[in-house]
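Work through the exercises below with the sequence and the model side by side. Try each task before reading its solution.

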Amino acid sequence: MTDIKTYDAIIIGAGHSGLVSSFYLKTQGINHCILEQSTVASSWLTRTWDSFNLVTPNWMNQLPGLPSGDVAGDQFLTKDQYIKYLRVYQKKFVLPVIGHVEVKLVDYDFEKSC
């Protein structure tokens, strides 16, 4: 028999938004997980060309709790630097990513919640 786990919140996607959401849920002690169809920052790895740099300066892309020290605030991170930053962020804060999970449907019974 498979163990069934329950969570108070589930985040879909381990990109920057999912990781930051997880960071704040964790600081509040909320039981949660991140479901990711591949690995942390996988879209940045597979859906962005190799020569890509972020189009906003580094100071605008820093995630809470971890300044990115590789590039000065007025410069632009490369694709590889940003992927590394996101992966370091997940590991540093031990954010609960469950990889290689495809989410096909999200359903919620609003009548039960009222």
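The exercises go from the whole chain to one helix, then to single residues and the surface.

The model is predicted, so local features need pLDDT of at least 70 and side-chain atom pairs count only at pLDDT 80 or more, while totals for chains, interfaces and linings use all residues. Residues are numbered from 1 along each chain as its sequence is written, and side-chain values use heavy atoms, with hydrogens and water left out.

**Exercise 1. The whole chain**

Task: Describe the protein chain by its elements, its span and its buried share.

Solution.
- Step 1. List the elements, where helices (H or I, at least four residues) and strands (E, at least two) are DSSP runs numbered from the N terminus. The protein chain has 4 helices and 3 strands, and from the N terminus on their order is β-α-β-α-α-β-α.
- Step 2. Take the span: along its principal axes the C-alpha trace covers about 50 × 30 × 30 Å.
- Step 3. Sort residues by relative accessible area: buried is under 20%, exposed over 50%, and partly exposed in between (1.4 Å probe, protein chains only). Of the 114 residues, 33% are buried.
- Step 4. Look at contacts, meaning heavy atoms within 4.5 Å. Among contacts with a separation of 6 or more, 58% join residues 24 or more positions apart.

**Exercise 2. Helix α3**

Task: Find which residues of α3 are buried and what they pack against.

Solution.
- Step 1. Check the length. Helix α3 covers residues 79–92, which is 14 residues, and reaches 20 Å from its first C-alpha to its last. That is close to the expected 20 Å, the expected span being 1.5 Å times one less than the number of residues.
- Step 2. Pick out the buried residues of α3: Lys 79, Tyr 82, Ile 83, Tyr 85, Leu 86, Tyr 89 and Gln 90.
- Step 3. View α3 down its axis. The buried residues fall within an arc of 160°, so they line one face of the helix; the arc is that of the directions from the helix axis to the C-beta atoms. An α-helix has 3.6 residues a turn, so residues three or four places apart point the same way.
- Step 4. Turn to the other side of α3, where Asp 80, Lys 84 and Lys 91 are exposed.
- Step 5. Name the partners: the buried residues of α3 pack against α1 (16–27), α2 (42–46) and β3 (97–98).

**Exercise 3. A salt bridge**

Task: Locate the salt bridge of Lys 79 and say which parts of the chain it joins.

Solution.
- Step 1. Apply the rule: a side-chain nitrogen of Lys or Arg lies within 4 Å of a carboxyl oxygen of Asp or Glu. The count comes to 1 salt bridge.
- Step 2. Identify the pair: the side chains of Lys 79 and Asp 50 meet at 3.2 Å, N to O.
- Step 3. Place both residues. Lys 79 is in helix α3 and Asp 50 in the loop between α2 and α3, so the pair ties together parts 29 residues apart in sequence.
- Step 4. Compare their accessibility: Lys 79 is buried at 3%, whereas Asp 50 is exposed at 68%.

**Exercise 4. Two buried residues**

Task: List what Ala 14 and Ser 22 touch, not counting residues up to four places away in sequence.

Solution.
- Step 1. Ala 14 sits in the loop between β1 and α1 and is buried, with a relative accessible area of 1%.
- Step 2. Ala 14 touches Leu 19, Ile 34, Glu 36, Val 40, Ala 41 and Val 97. The C-alpha atoms of Ala 14 and Val 97 are 7.0 Å apart, although 83 residues separate them along the chain.
- Step 3. Ser 22, in helix α1, is buried with a relative accessible area of 0%.
- Step 4. Ser 22 touches Ile 11, His 32, Ile 34, Leu 95 and Pro 96.

**Exercise 5. Positive phi**

Task: Are Ala 41 and His 100 buried or exposed?

Solution.
- Step 1. Ala 41, in the loop between β2 (32–35) and α2, has a positive phi near 65°. Ala 41 is buried, at 3% relative accessibility.
- Step 2. His 100, in the loop between β3 and α4 (110–113), has a positive phi of about 60°. His 100 is exposed, at 62%.
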